[in-house]
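Please open the structure in the viewer and keep the selection tool at hand. The tour below proceeds one selection at a time.

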Amino acid sequence: MLHFDNKIFFATNNNNKILEAQHVLSDFKVLVEKIDIKKVEIQSDELEEIVLYALKKMGKITYPIVVEDSGLFIEKLNGFPGPYSSYVYKKIGCNGILKLLENENERKAKFVSIVGFRKGRLIKIFRGECYGKISYKMAGKYGFGFDPIFVPENEEKTFAEMSLEEKSLWSHRGKAFKALGNWIRLHKYI
Ligand code: IMP
């Protein structure tokens with residue numbers, strides 16, 4: 001018999017996301033377990049829409065489940081890559097973004113994370129944002145994706161130069177999962 005007390009299932013194949021969620025939600029005594037369940041992804045300019053669609057398409061599930069979608073929005077590139085971050089990362093990586101911003105001093109960017117929680121028919125959406133800038137070169141060896149080129153506001157280091165704990169203090173995902181943790185605590189939802 002599976003026991004779901006204080007546990008949520010995170011539908012992702014990104015182990016870094018699992019570790020970040022586990023770290024943040026451990027403060028709320030909530031366990032996070034990876035679950036291998038198909039996440040249907042539509043193409044949309046809105047991360048919220050992608051998350052809502054994925055949650056609704058999961059059919060009948062009784063246990064608490066979470067999906068997350070995130071993206072890097074670069075001001076000078078009109079928000080590119082945004083919801084297409086995963087695809088763009090695979091195609092051109094950090095170096096490709098540095099190339100797009102070559103000779104550009106206006107390097108403001110933000111990361112956005114949308115966390116969707118579902119239990120039965122109840123769905124809640126939480127948003128986390130992290131403002132910062134794109135560095136001039138890659139730095140650091142931790143994390144994943146665009147971490148080596150993103151420097152959060154009031155910091156000198158990239159996310160990839162920070163430990164998971166430090167990144168989570170500032171990060172979009174840290175904020176979104178913290179909001180989920182607070183909501184769960186307040187509503188005693190799982
Ligand atoms: P998705 O949320 O799985 O669609 O992926 C979003 C993409 O945005 C990832 O593949 C990364 O390239 C990028 N991304 C999202 N969050 C982060 C982060 O915390 N650090 C670095 N890159 C991120």
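Helices (H or I, at least four residues) and strands (E, at least two) are DSSP runs, numbered from the N terminus. This is a predicted model, in which local features need pLDDT of at least 70 and side-chain atom pairs count only at pLDDT 80 or more, while totals for chains, interfaces and linings use all residues. Residues are numbered from 1 along each chain as its sequence is written, and side-chain values use heavy atoms, with hydrogens and water left out.

Select helix 3 to begin: with three residues, helix 3 gives the largest share of the shell around the ligand. A residue belongs to this shell if one of its heavy atoms lies within 4 Å of the ligand.

Next, display the 14 residues that surround the ligand; the closest are K17, S70, D147, K167 and R173. By class, the shell has four nonpolar, five polar and five charged residues. Here Ala, Val, Leu, Ile, Met, Phe, Trp, Tyr, Cys and Pro count as nonpolar, Asp, Glu, Lys and Arg as charged, and the others, Gly among them, as polar.

Now select three side chains in turn, looking for polar contacts (pairs of N or O atoms within 3.5 Å).

- K17: a side-chain N or O atom is 2.7 Å from an oxygen atom of the ligand.
- D147: a polar side-chain atom lies 2.6 Å from a nitrogen atom of the ligand.
- R173: a polar side-chain atom lies 2.8 Å from a nitrogen atom of the ligand.

Finally, return to the shell as a whole: strand 3, helix 3 and helix 5 each give two or more residues to it.

Notes
A polar contact is a pair of N or O atoms within 3.5 Å; within protein, one must be able to donate a hydrogen and the other to accept it, and residues adjacent in sequence count only if both atoms are side-chain atoms.
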